[in-house]
Amino acid sequence: MRELRESVIRLAQVPPEGLLFQGLVPGSALPRLEEAVAGMVGEGVEVDLRLEPNNDVCLLHGRVQGAVELECESCRTRFRFPLQEVLQLTIDPNPENDLYRDPTQKGEVWVIDHSDEQIEAPEGRFELVESLEDEWLLELPISPRCAEGCKGICPVCGTDRNEAECACSSSPRESPFDVLAQLKRDD
């Protein structure tokens, strides 16, 4: 399988039929993603993408197959997290210009919808692998959990409460704000 590492694309040179990107983006080409996760699953991420011009922007769409390994914030076990399977991005070579001409209509001007899935490509230079890495980083959960009902690790004895029940007291800890609640009751 062909490896995709650094891919700087000049959007003005994309042919009308588009460009096809198929291959493997190795983990070594994704240093920020490797640093943010507990590990990569497999050799990297397989991509099957097409970049096509569309009026004054380009559309990148296709399929992605890959996964990373994350560490659960509650119980510290590692679990597999799949990366976004279907990718659809708009690449804008003129981010400073919101007005575009519609080539199918004489003299008609339309305003492009700036969605969350839009990537700016100043000076018409689009960096494929770096942009894919950005998308995958944004997809990672802020607080990774191995399962929705993860019980976590007991703070007293260290038992993984997903595997066994512990005999530790489950009474709530004292809060430093309990004193403030008492002051309010005294009034």
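**Local contacts and salt bridges in the predicted chain**

Glu 69 has a relative accessible area of 26%, and it is therefore classed as partly exposed. Like everything described here, this value comes from a predicted model. Glu 69 sits in strand β4, a run that covers residues 57-71. Once residues up to four places away in sequence are set aside, Glu 69 touches Val 37, Ala 38, Gly 39, Val 41, Arg 78 and Phe 79. Two of these partners can be described in further detail. The C-alpha atom of Val 41 is 6.3 Å from that of Glu 69, although 28 residues separate the two along the chain. With Arg 78, Glu 69 makes a polar contact from side chain to side chain, at 3.0 Å.

Val 64 also belongs to strand β4, and its surroundings are worth a look alongside those of Glu 69. Val 64 counts as buried because its relative accessibility is 5%, whereas Glu 69, at 26%, is partly exposed. Apart from neighbours within four places in sequence, the contacts of Val 64 are Val 45, Glu 46, Val 47, Leu 49, Gln 84, Glu 85, Leu 87 and Trp 136. Gln 84, one of these partners, is 20 residues from Val 64 in sequence, and the two C-alpha atoms are 6.7 Å apart in space.

Stepping back to the whole protein chain, the model contains 3 helices and 10 strands. Their order along the sequence is β-β-α-β-β-β-β-β-β-β-β-α-α. Of the contacts with a separation of 6 or more, 57% are between residues 24 or more positions apart. The chain has 187 residues, and 35% of them count as buried. Its exposed area is about 12300 Å², with 47% of that supplied by carbon and sulfur atoms.

Charged pairs come next, and the structure holds 5 salt bridges. In one of them, Glu 133 pairs with Arg 32, and the closest N and O atoms are 3.1 Å apart. Glu 133 lies in helix α2 (residues 128-139) and Arg 32 in helix α1 (residues 31-36), so this pair ties together parts that are 101 residues apart in sequence. The two partners differ in their exposure. Glu 133 is buried, because its relative accessible area is 4%, while Arg 32 counts as partly exposed at 38% relative accessibility.

Arg 32 has a further partner: its side chain meets that of Asp 134 in a salt bridge with an N to O distance of 2.7 Å. Here again the pair joins helix α1, which holds Arg 32, to helix α2, which holds Asp 134, and so ties together parts 102 residues apart in sequence. Asp 134 is partly exposed, with 29% relative accessibility.

Another salt bridge joins the side chains of Glu 165 and Lys 151, at 3.6 Å from N to O. Both residues are in the loop between α2 and α3, and they are 14 residues apart. Glu 165 is exposed, with a relative accessible area of 64%, and Lys 151 is partly exposed, with 49%. As for shared partners, salt bridges link Arg 32, Glu 133 and Asp 134 into one network.

The cysteines raise a question that is natural at the bench: how many disulfides does the model contain? The count comes to 0. Distances between the sulfur atoms show why for two cysteines, given that a disulfide needs a pair of cysteine sulfur atoms within 2.5 Å. For Cys 150, the closest cysteine sulfur is that of Cys 75, and the 3.7 Å between them is too far for a bond. For Cys 154, the closest is in Cys 166, and at 3.6 Å this pair, too, is too far apart for a bond. Both Cys 150 and Cys 154 are buried, with relative accessible areas of 15% and 5%.

Finally, the surface carries a nonpolar patch formed by Phe 177, Val 179, Leu 180 and Leu 183, which together have about 440 Å² of accessible area. Val 179, one of its members, is in helix α3, covering residues 178-186. Is Val 179 buried or exposed? At 56% relative accessibility, Val 179 counts as exposed, because the cut-off for that class is over 50%.

Key. Residues are numbered from 1 along each chain as its sequence is written. This is a predicted model: local features need pLDDT of at least 70, side-chain atom pairs count only at pLDDT 80 or more; totals for chains, interfaces and linings use all residues. Side-chain values use heavy atoms; hydrogens and water are left out. Patches are made of residues with over 30% relative accessible area and no salt bridge: like charges are joined within 9 Å, nonpolar side chains (Val, Leu, Ile, Met, Phe, Trp, Tyr) within 5 Å. Accessible areas come from the Shrake-Rupley method with a 1.4 Å probe; for residues, only the protein chains shown count as cover. A salt bridge is a side-chain nitrogen of Lys or Arg within 4 Å of a carboxyl oxygen of Asp or Glu. Helices (H or I, at least four residues) and strands (E, at least two) are DSSP runs, numbered from the N terminus. Buried means under 20% relative accessible area, exposed over 50%, partly exposed in between (1.4 Å probe, protein chains only). Contact means heavy atoms within 4.5 Å. A polar contact is a pair of N or O atoms within 3.5 Å; within protein, one must be able to donate a hydrogen and the other to accept it, and residues adjacent in sequence count only if both atoms are side-chain atoms.
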